[in-house]
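Trainee: I have a model open and want to read its strands, helices and surface. Can we go through it together?

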Amino acid sequence: MGLNEVLIMAYALVSRCQTTYSVISYGMGNTKKADLILGGIISTTYPVLEEPLSFTNINTTESCILEEFYQYIQHSSTFHFAIEEINQNAEILPNITLGFQVIDSCSDASLSLCGVLSILSGKEEIVPGYTCYPKSHVAGFIERLPSLASHAIARLTGIYRYPQISYGFTETSLNEHDEFPYFYHSFPSDYSHFHGLTPLLRLFGWSWVGILTSTDENEIAYCEELKREIIRSGDCVDFLESIPDTMITSREELEKRSEQILNKIYKSKANVIIIHTTKIITIETFCIMSYEKIDTKLFIFSMETSSIKSKLISITPLICNALNGSLRLTIPKGDIPGFKDYLQNSNFSTFTDQIVLLLRPAVECDLHNDKENCTRSETQSITDASLFDMDNFELTYSLYNMIYAMAHALHNLYTAKSQRGNTIKMEFKPWQLNQYLKEVHFKAPDGHEILFDDKGHAPTHYDIIQYFNFPNLTTAWNHVGSFKPSAPKDKQLFVNQTAIRWKTPSNQVLRSVCTESCTPGYRKVIDREKPVCCFDCVPCSEGEYSNTTDAENCKKCPEDQWPSEKKDECLPRVIDFLSYDDPLGAALSSISILLFIITALVLGIFIKYRNTAVVKANNRNLSYILLISLMLSFLCTLVFIGQPGSVTCLLRQSAFGMIFTIGVSSVLAKTVTVVIAFRANKPSSKLRKWVGTRVSSNLVLLCVSGEIVICTLWLIISPPFPEYDTQSVTGKIILQCNEGSTIAFYSVIGYMGFLALLSFTVAFLVRKVPDSFNEAQFITFSMLVFCSVWVSFIPSYLSTKGKYMVAVEIFAILASSTGLLGCIFTPKCYIILLRPDLNTRGHLIGKKVS
């Protein structure tokens, strides 16, 4: 935009400036005699149309309603106080007098421009492009305006290249230094205080929050950016609602909208609500519509509420219990030495006219007809203690420092000019001041350093305070922390948590989350249709654990460990094997030893009565071999009990296979011997030459040789070995013997089964031989028991794990061995011990078999 366009815009404004509210100008000090003039633009009123706008009435006038009376007095007085100090200070701008002119912008962009043009013209009647100051120069502008007005003025003053300093908050577009090279900020305009809100939310775990604002478009845009920043930081926003303005909304619409907002706040899981607005009317509306339903919520005010703090204090004790305990990020309080005394001792009659004009809608008087009464009324108001409350001076302190910043820059400019021998007062150009403002660096009276960075920002920090109201209608703001954007990230935020009072039982930290954190033992499952702060907590899968809060994935435990019951840690697995200490192991070992003893007793009986008819008739040598193999079978079960090792794993199946094969081979040999003996009794039988002990002995050796070959190949090719099984049983490590070759294992079992089946078949065929050879019947029964046990063993063995698999095999060995012992030897022991009358040669029919 060039100079011509600016002039056209200025002329277009002239008619509006002349037909609407006349700019309120407040000039303390003689601006006509001042060498340099600082323009001040403040915003303490807001415009109200005297008649509604319509298509037939477009020239309606506006009135300005006072919104912040005390700020008007404080900020206007700050100009006078600071410039008076500077003019009395011989070290700053010696021989140069500063003046100032302050206008109230009525919070309106066009009226703000009217005020700027009025200051530049030097007359109440605006003459764009001309100045009526005979010997003075306008040096620059210091303002605190709404973002739209500040933006408009920056474009106008930027064309004339006048420096402009904002001592309030401004929008981010003014941060573009290339577009606005003459604009400076006392506070960052790049949303840096957002970074104070987000760490505060993270510190207390407030991941689910709401945002309330006004219906102002700029403030809604601000809150949208705040929402994006919160989401970028990893937290979530449940809602962003605009509180309707009671000044522009019908009663029915206001009640309906308010009810909607209240219900949303009440039903929301967000217990922390951020309020951002620069309009006190928004806070008043919120306070009017709030009730007990939301008293448990915590409200956090954004930084911009600094400008409405005094008004907020005045309304909240009466109608805003919901805001009790709320937090606020605010600019730090600073000390202006002597300013409070200055206010208390000032005679405000010098600007009574301006005050009365501001209060015109509320004061029933006419300045010209009843000036004494009006002045007395306003003087009483001025003496209100709120005017001197230093807690309300955050922006006043900033204004004071910015006036000094402008003065220091002017001082440096004129010092440089005087060193070059230039005529100071005739050669002042506003654009020359810009370079010196960039380089200004001084200390305020309270020690704070004042300077501008490369973006035109004066570095600052923010305080965190908590608001309380009390039944006696008093209020308090307690300092609970601070935020320093320029500090390292881990040191930016400080909060004294013990100083915060929570609206919760036992003063516990308020919770504000969509979903409570997943405890250890669970993992987060994100629903893509919901915000990331809303998720499900799912228990870790079998064999997995999580030992952190909100774990996204569960981890597997090491092989030798297993998750605890809560799945929040890994514990050493229990090593499981069939031990002698185990009740099952103790019982099986006891049974094995007992059966071994019984078998040994039977063997002793047979040895003692070896010359009796019963022992001789049933091939006593084979009986001895069978009894010894049964004794060893009972003992070999003890190898299966206890901790598996390399040696025991090698011995278990091979020893069992060969010992059992000897027993089964002995039974087979007995059966074959019965057949040979029966057939040999027939005349001209060719089997007589086979009658004797050699056939049975050779048959046993032959059958055992087959098992030895199988076991030898097994141990050579793929021998059994001990292993840890971590998969079969939950939470345990099974220490077991891996059979190496499954084929070899079942070959050993199958070979014994084949011999047993052969013995059963042969014994069954000769079961009806004469009584003297009736051992075939007992063999038949014994083999039937043996085969039944081992046929049922296979599915039972395959369906069990760990020590129970070993127990099944031990049971099969004991059961089959006991079957052989019982079926074959019990009848003989009965005759030997209880019926010796039957154990005689006379009872035998047929040929004696020796």
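Mentor: The turns below go from the sheet to the helices and then to the surface; keep in mind that this is a predicted model.

Trainee: Which strands stand at the edges of the open sheet?

Mentor: Eight strands form this open sheet, with mixed pairing. Their order is β10-β9-β11-β12-β13-β16-β17-β18. Each edge strand has a single partner strand, so one side of each is left without a neighbour in the sheet. The edge strands are β10 (236-242) and β18 (493-495).

Trainee: By how many degrees are neighbouring strands of this sheet turned against each other on average?

Mentor: Direction is ignored here. The average turn is 25°.

Trainee: In which sense do β16 and β17 pair, and over how many bridges?

Mentor: Strand β16 covers residues 462-469, and strand β17 covers residues 475-483. N469 stands opposite T475 in β17. The pairing is antiparallel, over eight bridges.

Trainee: Which helices lie across β9, β10 and β11?

Mentor: One helix, residues 217-232, runs at about 170° to β9 (208-213). Another, residues 251-267, runs at about 165° to β10. Both lie across β9, β10 and β11. They are α6 and α7.

Trainee: Is V709 buried, partly exposed or exposed?

Mentor: V709 sits in helix α19 (residues 693-717). Its relative accessible area is 49%. Exposed needs over 50%, and buried needs under 20%. V709 is therefore partly exposed.

Trainee: What accessible area does the nonpolar surface patch with V709 have?

Mentor: V709 forms this patch with L713, I716 and I717. Together they have about 430 Å².

Notes:
Residues are numbered from 1 along each chain as its sequence is written. This is a predicted model: local features need pLDDT of at least 70, side-chain atom pairs count only at pLDDT 80 or more; totals for chains, interfaces and linings use all residues. Side-chain values use heavy atoms; hydrogens and water are left out. Two strands pair if DSSP finds at least two bridges between them. Helices (H or I, at least four residues) and strands (E, at least two) are DSSP runs, numbered from the N terminus. Axes are lines fitted to C-alpha atoms, for helices over the stretch in contact, and angles run from 0 to 180 degrees between N-to-C directions. Contact means heavy atoms within 4.5 Å. Patches are made of residues with over 30% relative accessible area and no salt bridge: like charges are joined within 9 Å, nonpolar side chains (Val, Leu, Ile, Met, Phe, Trp, Tyr) within 5 Å. Accessible areas come from the Shrake-Rupley method with a 1.4 Å probe; for residues, only the protein chains shown count as cover. A salt bridge is a side-chain nitrogen of Lys or Arg within 4 Å of a carboxyl oxygen of Asp or Glu. Buried means under 20% relative accessible area, exposed over 50%, partly exposed in between (1.4 Å probe, protein chains only).
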